[in-house]
Amino acid sequence: MQFQKENILVVDDDINILELIQRHLRSWNYHAYKAVSVKEAVAILRDTSIDLLITDLKMPEVDGFELLKFVSEHYPKLPRLVVTGYPSVQDSLVAIKSKVVYLTKPFTKDELKAAIDSTLPKTCAETKTQNHQLQKEGYGDIIGVSEKINRIIQIIERVKDNKATVFINGESGTGKELVARAIHYRGKFSRAPFISVNCGGIPENLLEAELFGYVKGAFTGADINRNGYFQAANGGTIFLDEIGNASLAVQSRLLRVLQEKEVMKVGSQKSEKVDVRIISATNSDLKDMIKKQTFREDLYYRLTVVEINVAPLKDRKEDIPLLVDKFLLKYGVEYKDRFVKISPEASVLLQRYDWPGNIRELENVIQRAVIMCDKIIEIEHLPNALKFNIYFSNEKLLPLKEVEKQYILKVLNATNNNKTKAAEILGIDRKTIRQKLSE
């Protein structure tokens with residue numbers, strides 16, 4: 001079996017140097033990735049298994065020092081080779097506490113090869129192990145290490161290469177569309193279309209035409225023949241989010257698609273064959289809707305051949321740190337052009353909160369905090385809703401004697417003014433009841 005060469009990422013704002021190193025790497029049969037900025041490099045590191053980083057230091061906006069700091073914390077075992085035309089900065093590398101191999105520009109092809117050979121063999125196996133571990137922390141855009149996330153990933157692996165209908169159930173903001181996209185893009189149909197439709201965002205009288213298309217003259221304003229989302233998704237996947245919002249008329253047409261594998265445009269008498277995998281999702285209780293006769297039971301069973309339940313964030317809090325890291329990276333680079341951190345005290349607050357808005361709420365909180373902070377998110381940058389609050393009752397405080405009298409009256413009322421029965425319940429005699437009520 002042919003030995004697979006390592007993936008090497010080269011980062012330099014000098015296009016000539018970038019292409020020169022890339023040519024050398026390819027001549028040695030390495031897989032070369034190139035980036036002209038730190039932002040682009042971070043995106044590649046996030047999505048690709050890299051075995052060696054080669055980077056310049058002096059770059060506009062975010063420099064190579066920031067990239068080395070980022071790599072030392074997020075990918076500590078990734079070998080680093082610094083190439084620069086400024087030898088005086090070598091002393092600054094000590095402050096980064098990052099073990100790197102150093103190469104000064106200009107360098108020969110042999111010097112570059114020697115530098116790579118001195119770095120890569122010693123650490124490549126460890127790096128591959130680390131990258132494998134990092135991949136365990138997520139699945140595409142699905143981030144998490146909890147048992148509930150692992151269970152979802154296992155189901156996705158089972159269904160991604162077939163076209164069985166999948167039903168995704170979960171609260172709003174839990175990432176149901178991410179699960180649908182993972183099913184499509186991780187499978188063998190990934191090159192085919194993926195069409196996402198929010199059934200709750202389209203007016204009821206238009207949803208039917210949008211899904212199945214229409215012919216000219218079918219209704220007022222239908223001036224041309226038009227395909228719908230199902231025709232657009234032919235060969236691939238259609239994701240019907242908030243399926244519970246679909247009218248009974250639309251549900252009947254969906255049932256026909258599932259049974260006959262064909263659609264009929266609004267206003268047409270001619271059916272068209274389609275080859276589409278249907279993934280649907282909702283945060284509604286469809287079984288309750290079936291009881292109320294607002295959702296078809298036969299359609300429900302057609303849609304739920306495979307069912308995936310996405311747990312709310314409060315039930316998988318061990319995934320919060322990984323999600324926070326993802327959003328810190330995303331919005332730190334986007335808003336600050338640098339890497340923002342979060343203090344341990346602020347992290348505790350994020351773990352303590354129950355997140356009724358789930359991942360969407362967490363992302364919004366981190367996005368705002370990144371904007372409000374300088375380099376580190378502190379407790380002061382988080383919303384008050386996440387912080388500890390003392391509950392002060394608005395109920396009027398009464399003297400103990402008055403509270404006692406009110407409770408005796410409550411017991412008497414419950415016993416139909418039977419003083420003997422009330423005395424038994426209160427543990428006092430009838431005379432004491434009279435005394436307390438007269439005080």
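Q: How many bridges join strand 3 to strand 4, and which way do the two run?
A: 3 bridges join strand 3 (residues 52-55) to strand 4 (residues 80-84), and the two run parallel. Strands here are DSSP E runs of at least two residues, helices are H or I runs of at least four, and both are numbered from the N terminus. This is a predicted model, where local features need pLDDT of at least 70, side-chain atom pairs count only at pLDDT 80 or more, and totals for chains, interfaces and linings use all residues. Residues are numbered from 1 along each chain as its sequence is written, and side-chain values use heavy atoms, with hydrogens and water left out.

Q: Which residue is the bridge partner of Leu53 in strand 4?
A: Arg80.

Q: What's the strand order in the open sheet with strand 1 in it?
A: That one goes 2-1-3-4-5, with parallel pairing (strands pair if DSSP finds at least two bridges between them). Strand 2 (31-35) and strand 5 (101-104) each have a single partner strand, so one side of each has no neighbour in the sheet. On average, neighbouring strands are turned by 20° against each other, direction ignored.

Q: Where does helix 2 lie?
A: Helix 2 (residues 38-47) lies across strand 1 (7-11) and strand 2, at about 140° to strand 2. Angles run from 0 to 180 degrees between N-to-C directions, using lines fitted to C-alpha atoms, for helices over the stretch in contact. Helix 3 (residues 64-74) packs on the sheet too, touching strand 1, strand 3 and strand 4, where contact means heavy atoms within 4.5 Å. Its direction makes about 165° with that of strand 3.

Q: OK, new topic. What's the order in the open sheet with strand 13?
A: It's 9-10-13-8-14, 5 strands with parallel pairing. The edges are strand 9 (194-198) and strand 14 (306-310), and neighbours are turned by 15° on average, direction ignored.

Q: And which residue of strand 13 stands opposite Ile238?
A: Ile278. Strand 10 (residues 237-241) and strand 13 pair in the parallel sense over 4 bridges.

Q: Which strands does helix 7 touch?
A: Helix 7 (residues 176-185) touches strand 8, strand 9, strand 10, strand 13 and strand 14, at about 160° to strand 9.

Q: How many aromatic pairs are there?
A: 8, counting Phe, Tyr and Trp (six-membered ring) with centres within 6.5 Å; planes under 30 degrees apart are stacked, over 60 edge-to-face, the rest tilted.

Q: Why is the pair of Phe167 and Tyr300 edge-to-face?
A: Their ring centres are 6.3 Å apart and the planes sit at 70°, so the pair is edge-to-face. Phe167 is in strand 8 and Tyr300 in helix 12 (residues 297-303), so the pair ties together parts 133 residues apart in sequence.
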